[in-house]
Amino acid sequence: MITEETMHKVAKLSLRAILDRLSERAREEVREDFCKQHCGKVPSGELCPEARRVYKRFLTLQFENYSRFN
């Protein structure tokens, strides 16, 4: 029988892989669609605070859509 703790660990490991893929896609989208339009350039390093907020919101939306359809 699988314990509650084991189920949580498996879920965390599964989510990490999904979030890593979605995170990279979200970061690329924010750089291209948000940063390029607002700053005129694509950042190579960290995102500015405003872009970071857009990134987090976009990642949340991606994850909600992913979980809804899978």
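## Burial and contacts of two helices

At 7% relative accessibility, Q62 counts as buried, because the cut-off for burial is under 20% relative accessible area. The model is a predicted one. Q62 belongs to helix 2. Leaving out residues up to four places away in sequence, Q62 touches L22, R25 and A26. The contact with A26 appears again from the other partner: A26 touches Y55, F58, L59 and Q62, again not counting residues up to four places away in sequence.

**Helix 2**

Which residues of helix 2 are buried? They are A51, Y55, L59 and Q62. Seen down the axis of helix 2, these buried residues fall within an arc of 75°, so they line one face of the helix. Helix 1 is included in what covers them. P49, R53 and R68 are exposed on the other side of helix 2.

Helix 2 runs over 49–69. With 21 residues at 1.5 Å a residue, helix 2 should span 30 Å, and the distance between its end C-alpha atoms is 30 Å, which agrees. Within helix 2, the C-alpha atoms of R52 and R68 are separated by 24 Å, the two residues being 16 residues apart along the chain.

Two further residues of helix 2 fall between the buried and exposed classes. R52 is found in helix 2, and its relative accessibility of 31% makes it partly exposed. Apart from neighbours within four places in sequence, R52 is in contact with R27 and L47. Y66 also lies in helix 2. Y66 has 30% relative accessibility and therefore counts as partly exposed. With residues up to four places away in sequence not counted, Y66 touches I18, R21 and L22. L22 is also touched by Q62. Between Y66 and R16 there are 13 Å in space, C-alpha to C-alpha, for a separation of 50 residues in sequence.

**The nonpolar core**

The largest nonpolar core has 10 residues in all: I18, L22, A26, V30, F34, C35, L47, A51, Y55 and L59. Helix 1 (4–39) and helix 2 (49–69) each supply at least two residues of this core. Helix 1 gives the most, with six residues. In soluble globular proteins, nonpolar side chains tend to be buried together.

Several of the contacts already described involve members of this core. A26, a core residue, touches Y55 and L59 among others. L47, another member, is in contact with R52. I18 and L22 belong to the core as well, and Y66 touches both. The buried set of helix 2 includes A51, Y55 and L59, which are listed in the core too.

**Charged and polar pairs**

How many salt bridges does the structure hold? There are two salt bridges. Side chains of opposite charge can pair when their charged atoms come close. The table gives both pairs with the distance between the closest N and O atoms.

| Salt bridge | Closest N and O atoms |
|---|---|
| K9 and E5 | 3.3 Å |
| E32 and K36 | 3.5 Å |

K9 and E5 both lie in helix 1, four residues apart, which is about one turn of the helix. E32 and K36 are likewise both in helix 1, with a spacing of four residues, about one turn of the helix.

Are the residues of these pairs buried or exposed? E5 counts as exposed because its relative accessibility is 52%, the cut-off for exposure being over 50%. In the other pair, E32 is partly exposed, with a relative accessible area of 39%. Its partner K36 has 42% relative accessibility, so K36 counts as partly exposed.

T3 is placed in the segment before helix 1. A relative accessibility of 44% puts T3 in the partly exposed class. The side chains of T3 and T6 are joined by a polar contact of 2.9 Å.

Note on methods:
Residues are numbered from 1 along each chain as its sequence is written. This is a predicted model: local features need pLDDT of at least 70, side-chain atom pairs count only at pLDDT 80 or more; totals for chains, interfaces and linings use all residues. Side-chain values use heavy atoms; hydrogens and water are left out. A nonpolar core is a set of buried Ala, Val, Leu, Ile, Met, Phe, Trp, Tyr and Cys residues joined through side-chain atoms within 4.5 Å. Buried means under 20% relative accessible area, exposed over 50%, partly exposed in between (1.4 Å probe, protein chains only). Contact means heavy atoms within 4.5 Å. A polar contact is a pair of N or O atoms within 3.5 Å; within protein, one must be able to donate a hydrogen and the other to accept it, and residues adjacent in sequence count only if both atoms are side-chain atoms. A salt bridge is a side-chain nitrogen of Lys or Arg within 4 Å of a carboxyl oxygen of Asp or Glu. The expected span of a helix is 1.5 Å times one less than its number of residues. The arc is that of the directions from the helix axis to the C-beta atoms.
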